[in-house]
Amino acid sequence: MVEPSSKNMPNLTTDMSEDLSELRNLLLAPEQTQLDRLQERLDDPVLRTHEVSRLLPGALTLQKDDPVLTAVLTPHVEQAFFTSLRRSPQAIVDAIAPIMGPAIRQAIRQALQSLTQSLNQTIEHSFSLKGFRWRIEAWTTGRPFAETVLLHTLRYRVEQAFLIHRDTGLLLQHVATETAIVRDQEMVSGMLTAIRNFVHDSFGGQRERDLSSFQVGEFTVWIQQGTNAILAVVIRGTAPETFHDVLQDTLDRIHLTQADALVSFNGDASSFASTQPNLEACLQSQYEAPAQKPSPVLVAIGLLLLLGLLLWGWGSYRDGQRWDTLVDRLKSEPGLVLTTAQDHGGRYDLAGLRDPLATDPTSLIAASGLQADRIHSTWSPYYAMDPQFILSRARALLQPPDTVTLILEGEILVASGTAQEDWAHEARRMAPFVPGVLRYEDKKVQTVSMAHLIESIEHVTIQFASNSSAIDPVEAGKIPALISVLRDLDNLAARSHQQVTVECRGSVDAAGSELTNRILRKTRAQAVCSALGESGVGSATTLTTESASIRRPENQATTRSVGFAVTVHPSGSAKAGHP
Amino acid sequence: MHKKICMLGGFAVGKTSLVRRFVTNLFSEEYHTSIGVTVEKKILSVAGENVTLMLWDLYGDDEFQRIRESYLRGSSGYILVVDGTRKETLATALGLQRTVEGLLGSIPFALIVNKSDVRDVWEIDDAALSALRQQGWTIFFGSAKTGEAVESLFSTLAHRLLNQAM
Ligand SMILES: Nc1nc2c(ncn2[C@@H]2O[C@H](COP(=O)(O)OP(=O)(O)OP(=O)(O)O)[C@@H](O)[C@H]2O)c(=O)[nH]1
Ligand SMILES: [Mg+2]
């Protein structure tokens, strides 16, 4: 307590420094935090990148007129462009296509126009007397014919244009057509100026008295004056007065765009290269009477169109005729009922009813000469009620044998002739179902069975003269009827899957020896057999002579004749004996 | 680079002959006085650069020395031609020089005393010209007939035109 100070000295010092730092903290803490934050911002690359990216657009905008920045960026931009071009050319193509497209189209259109023009002129004059003279001229002058024609039909053509510096007379720009004869455009330019000066001085200094055109042989030179430049054009032929306006416009535009260059011109014309399009626009031309006479190419196209039209017209007239014929034909065709026939200008619609037995309309369409694919047709089935159709239908359904005749009496189907019992029965059942048939009548149909036929065959005998095996004419008369019956039998047998064997049996009278009689029997049987077989009796029928095993005489007729024995047996089985 | 140069001098001093010698390397004894202007062209190579000289050969007019102003306009330089056999042509040339300077200001020019091949009838000597030399004039003695000093006359002027332009 006595020496508090000395005792507390060191403590005091520590206390003070602590106090100081506290004081500093108190005083400077906000700045310290700021400093730390700044330090952090400077050290952290991510943070800095973020900041710069925010500032960059603004910075670039500020520097947009600075050539240094442009110079620095250019190689990078170029590099980037080329890399991008290499990697995805399509993107670039897509981007520039809208610009290039119209430019290319424009160029093509111009090229086509001039081609058409020279083509027109050439065609027009190729075959005329004048054309012949010009051809000779072309041949003698060595100029192409097309060029010669152009020269002759030329109203005017501006072949050269000179843009001349007014004071020095020096040439600033010069353009010429491909065909123009260009000598020394610089000297021409100088001379033009000299001549102009001469005229100017000789006829007084007023501007309206300046030389504005003069004639040199087949050329006219037009001179348009400007404050600092002169536009001179060399014209072949006679240009319209309005062409002066074109020249003045051109000159004005050049004065506007090249004002500085014209004033400060010191002999270096390179900066006037940009006026070339302006001058080229002055190289106009006009050829003879394109308005009065249409372009031969157009005429040719027109003629072709007309021819096409005529062909088409004739074709459609002919098609019209064919169509009418077809419609008439279809209308008159039995079994077809035409309900719709429409011509839609070369396309046709057909609709109607068609009996299944009628002529196929597609074959009629094909025969009409019209293109089948231009005709659309729909046919609905129906039953025609014409007698011929009812009959055909009945025949198709009933399938009568040849021996039966079907006729139609009104709506009654009448059958006559001979037929097998089975058929007659079936026909009686089916006939009412034939469309168009109301009733069926078969009273006149004689039904036959195989038994009947066999009986009638076996009933026949062919007589022979004594000791003869030749069939005499009277007896031969029986043969055709016999054949007919044999055929019917064959027919029936075939239908029921049976086979027929017809045995021809010769007989003799009591006279003569046993041997001659046997021979006679045999030869008579053979004669009849071959007479029957000559024209065929059917595939299910076998004709045979008496078998070798001679039947005993007691059972035999003792007449000079041949008789028949018929046996029927199922197909493929062995012959059964006659019952 | 194109430059317009005018040939000035009294009549028959040989302006046309000098131009023809320079451009086509030809000479003719016949005299056809020029009427108006003839423009000729010659390309020279000056310090590796091509210069096209458009040479305006004006007619000589002794009497009034009335050179049309319009012909002179736009000239980058001019050549004064004096006939060495006729003393009065020097005076004509001096008069012309004053006229041109009045119209166009001081632009490059050179003077040639022509017909140096006929020294026997010579009327103009070096002494008469020393004053002009003193003033810094470029003076040649030459001949269109022999070609003497013709090339150097034009090329010296061409060089001076370009130096001035640079
Ligand atoms: N001996 C000689 N004769 C010359 C020479 N140069 C020109 N002549 C002659 O001088 C005459 C006139 O020459 P030009 O060249 O026509 O003179 P110019 O100055 O063009 O005359 P103008 O056009 O009338 O002003 C011609 O007969 C020339 O042959 C020369 O160097 N030597
Ligand atoms: Mg001359």
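# Notebook: looking around chains A and B

**Entry 1. Chain B in outline**

I began with chain B, whose secondary structure comes to five helices and six strands. I kept in mind that this is a predicted model. Reading along the sequence, I wrote down the pattern β-α-β-β-α-β-α-β-α-β-α. Chain B has 166 residues, and 53% of them are buried. I also looked up how far its contacts reach along the sequence. Of the contacts in chain B with a separation of 6 or more, 71% are between residues 24 or more positions apart. For the surface, I noted that chain B exposes about 7,400 Å², with carbon and sulfur atoms supplying 50% of it.

**Entry 2. One residue in a strand**

Next I picked B:Asp57, which sits in strand 3 (residues 49–58) of chain B. Is B:Asp57 buried or exposed? Its relative accessibility is 2%, so B:Asp57 counts as buried, the cut-off for that word being under 20%. Then I listed its company. Leaving aside neighbours within four places in sequence, B:Asp57 is in contact with B:Met7, B:Lys15, B:Thr16, B:Val19, B:Ser34, B:Gly36, B:Val37 and B:Thr38. I also checked B:Gly9: it is 48 residues from B:Asp57 in sequence, yet the C-alpha atoms of the two are 9.8 Å apart in space.

**Entry 3. The nonpolar core**

A general point to remember here is that nonpolar side chains tend to be buried together in soluble globular proteins. I looked up the largest nonpolar core and found that it has 53 residues. Which residues have the most contacts inside it? They are A:Phe243, B:Leu8, B:Trp56 and B:Leu80, so I wrote down names from chain A and from chain B. I followed A:Phe243 further. Not counting residues up to four places away in sequence, A:Phe243 touches A:Val158, A:Trp222, A:Val233, A:Ile235, A:Cys282 and A:Gln284.

**Entry 4. A nonpolar patch outside**

I then turned to the surface of chain A. A nonpolar patch of about 580 Å² is made there by A:Val52, A:Leu56, A:Leu60, A:Val68, A:Val72, A:Leu73 and A:Val77. Helix 2 (45–62) and helix 3 (67–87) of chain A each supply at least two of its residues. Which helix gives the most to the patch? Helix 3 does, with four residues. I took A:Leu60 as my sample member, and found it in helix 2 of chain A. A:Leu60 counts as partly exposed because its relative accessibility is 38%.

**Entry 5. Where the chains meet**

At the interface, 17 residues of chain A are in contact with 18 residues of chain B. The area buried between the two chains is about 1,700 Å², and carbon and sulfur atoms give 57% of it. How many salt bridges cross the interface of chain A and chain B? The rule finds three. I looked up the pair A:Asp167 and B:Arg73, a salt bridge with its closest N and O atoms 3.7 Å apart.

**Entry 6. Salt bridges elsewhere**

Over all chains, the structure holds 19 salt bridges. I looked at a few of them.

My next pair was A:Arg322 and A:Asp319, whose side chains meet in a salt bridge at 4.0 Å, N to O. Both lie in helix 11 (residues 296–332) of chain A, three residues apart, which is about one turn of the helix. A:Arg322 is partly exposed, with a relative accessible area of 26%, whereas A:Asp319 counts as buried at 9%.

A:Asp509 and A:Arg560 form another salt bridge, with the closest N and O atoms 3.0 Å apart. A:Asp509 lies in the loop between strand 14 (498–507) and helix 18 (514–533) of chain A, and A:Arg560 in the loop between strand 15 (541–545) and strand 16 (561–570), so the pair ties together parts that are 51 residues apart in sequence. A:Arg560 counts as partly exposed, at 31% relative accessibility.

In chain B, I found B:Glu29 and B:Lys145 in a salt bridge, the closest N and O atoms being 2.7 Å apart. This pair links distant parts of the chain, 116 residues apart: B:Glu29 is in the loop between helix 1 (15–24) and strand 2 (37–46), and B:Lys145 is in the loop between strand 6 (139–141) and helix 5 (150–165). B:Glu29 is exposed, with a relative accessible area of 60%, while B:Lys145 counts as partly exposed at 37%.

My last note is on a network: A:Arg157, A:Glu159, A:Glu218 and A:Arg236 are joined into one by salt bridges that share partners.

Key. Residues are numbered from 1 along each chain as its sequence is written. Chains are lettered from A and ligands numbered from 1 in the order in which they are written. This is a predicted model: local features need pLDDT of at least 70, side-chain atom pairs count only at pLDDT 80 or more; totals for chains, interfaces and linings use all residues. Side-chain values use heavy atoms; hydrogens and water are left out. Patches are made of residues with over 30% relative accessible area and no salt bridge: like charges are joined within 9 Å, nonpolar side chains (Val, Leu, Ile, Met, Phe, Trp, Tyr) within 5 Å. Accessible areas come from the Shrake-Rupley method with a 1.4 Å probe; for residues, only the protein chains shown count as cover. Buried means under 20% relative accessible area, exposed over 50%, partly exposed in between (1.4 Å probe, protein chains only). Contact means heavy atoms within 4.5 Å. A nonpolar core is a set of buried Ala, Val, Leu, Ile, Met, Phe, Trp, Tyr and Cys residues joined through side-chain atoms within 4.5 Å. Buried area is the accessible area (1.4 Å probe) that two parts lose on being put together, summed over both.
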